[in-house]
Amino acid sequence: MRVAVGLVVCMMLAVIPSAAAQYDPTQTPMWPGEPVDSHVHMTWAALTMEVNDWADQNPDIVDLVSAGKSELGRDLWVVRLSDWSMETKANGSSKEIVYIDGGHHGNEYLGTALAWLSAKWYINGWNEGNEEAINVLQNNELHILIMLNPDGNDIDTRWNVNQVDLNRNYDHYWNTCPTTQPGSSAFSEAETAANAAYIDAHVTDADLYVTMHTGVWIILYPWGKWPEQPPDWELFWTIRDSVNAGVSDIPIQNANQGLYPNCGTSRDYGYGKMGFPTFTFETDDEQFVPGSFENLNDRLAEEMDVMRFLIDNVWYWRARLVVQSLTLEDGVLTADVINHGQASTTNASLEYHNSDGQVLWASPMFGVNATNSTTVSFDVAKSDIDVDGYWNLNYQKRVINASTWVNETLDSNLTVTFVEAEEGFLLGFGLFNPLAVIFCMIGVSIISRREDENN
Ligand SMILES: [Zn+2]
């Protein structure tokens, strides 16, 4: 009912003179707010009332925080969405993290609206029992900073109040391309500094970062700085091909070639400094849309289809290695490793730890391609393998240097096979049976002692 009333009010506002449409905070907050010039867009004041309303009415899934303040002291609201009754997924593993921001450029209304819609879609879906929305919020945290440049937004300008282009103000090759108004130094502006500080404090392990703009209908991945494809080109190309095959034919290109060279952007910073898969989502530049969730959802339906796909599949946007088997034969360890994710990794290694956690043996680095498997072999001295130790697998989530490291102890369902070729018999054991493993390890250590005595 509130939405319907808001829609009627907004449609009336759209046709009456702007002088009569001054924002009145005592009125029911309305999307998108009053007309400014020929556009209709949401003011920061209306957004503030609305996101607080979301938090009040949906405490189970909405956690509202401020990432800091704009140059003129306006809060930079982050809507955090998840099923907050559960700290982890139902199976006990960590939730995936998605970061979204909108409104770097205060005159790019539809991009900001897409960030708003990305929050509202999941809130409405949760409340309506939508299976996809429930599944997403039970398994992920969505952190959405809807309006990064409220000062610029309220006067309908690209720049912030200091006349700085916020999307050239990040600390990644700052001011190294032909550009205008990048600021006096990287993070000279309150808005970009707050955004980076929030990212660093709360979403360092994000597996998706989408920053939303308006201009040409296109999705851009790194780099803006260089024409070359980024180290994780396989991941970006897989996402491009999946979106184009089944969701939308929106062009998806690296920013430098798809748009023009640009430096100090949040996209290049998010990828190059934080290691996230990052996308700039540019909606087209039609500014006017009538208010209400329904109308906006209709206007940005295809863009939301893409967002829902990216969010729904965030589990895949990294390397996800599983060791299928380990075989130790005559001093050589062979590992079959499968990658369930869609990013490659180049820095994987296996370690054997004793029960005190001390590393007794570590393999050289090896790589595993995206959606692929690999078999690697290493020389291992049997004396390096303790009776009651454990195996660790270490790797980076993506190829880019900045990406997060994963350190996992191999799970107890792993089958470890020990083969002693010299003796002409084979010992095959699963870790399902701890006694079998201990027996096996003792067997190995006895053999290895015998060899030592012979030397
Ligand atoms: Zn923009």
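## Overall composition

The protein comprises twelve helices and 20 strands, as assigned in a predicted model. Its chain has 455 residues, of which 54% count as buried. Among contacts with a separation of 6 or more, 70% are accounted for by residues 24 or more positions apart.

## Zinc site

The zinc ion takes its protein donors from H105 through ND1, from E108 through OE, which is listed twice, and from H213 through ND1. These donors lie 2.0 to 2.4 Å from the zinc ion. Along the sequence, the donor residues follow the spacing H-x2-E-x104-H. Both H105 and E108 are buried.

The angles subtended by the four donor atoms around the zinc ion run from 58 to 155°. A tetrahedral assignment would require all angles to lie between 85 and 135 degrees; the arrangement is therefore irregular.

## Disulfide

A search of the whole structure yields one disulfide. This disulfide joins C177 to C263, with an S to S distance of 1.6 Å. The pair links distant parts of the chain, the two cysteines being 86 residues apart. C177 belongs to the loop between α5 (150-154) and α6 (190-202), whereas C263 belongs to the loop between α8 (255-258) and α9 (266-272).

Both ends of the link fall under the 20% limit for a buried residue. C177 has a relative accessible area of 9% and is therefore buried. C263 has a relative accessibility of 3%, so C263 also counts as buried.

## Helix α7

Helix α7 covers residues 233-246, a run of 14 residues. At 1.5 Å a residue, α7 should span 20 Å, and the separation of its end C-alpha atoms, 20 Å, agrees with that expectation.

The buried residues of α7 are L235, F236, I239 and V243. Around the axis they cover an arc of only 95°, so they lie on the same side of α7. The elements against which these buried residues pack are β8 (218-221), β9 (252-254), α9, β10 (278-284) and α11 (301-312).

## Two buried loop residues

Y170 is located in the loop between α5 and α6. With a relative accessible area of 0%, Y170 is buried. Leaving out residues up to four places away in sequence, Y170 touches H104, L148, A186, F187, T192, N195, G264, T265, S266 and Y269. The C-alpha atoms of Y170 and R267 are separated by 9.2 Å, although these residues are 97 residues apart along the chain.

S403 is placed in the loop between β17 (390-396) and β18 (405-409). The relative accessible area of S403 is 3%, and S403 is accordingly buried. Apart from its neighbours within four places in sequence, S403 is in contact with M274, G275, Q396, K397 and R398. A separation of 8.4 Å is found between the C-alpha atoms of S403 and D205, which are 198 residues apart along the chain.

Methods
Residues numbered from 1 in each chain as written. Predicted model: local features only at pLDDT ≥ 70, side-chain atom pairs only at ≥ 80, totals over all residues. Heavy atoms only, no water. Donors = N, O, S within 2.8 Å, 3.2 Å for Na, K, Ca; no water. Tetrahedral: all angles 85-135°; square planar, octahedral: opposite > 155°, others 65-115°. Buried < 20%, exposed > 50% of the residue type's maximum accessible area, 1.4 Å probe, protein only. Disulfide = S-S within 2.5 Å. Helix = DSSP H or I, 4+ residues; strand = E, 2+ residues; numbered from the N terminus. Expected span 1.5 Å × (residues − 1). Arc of directions from axis to C-beta. Contact = heavy atoms within 4.5 Å.
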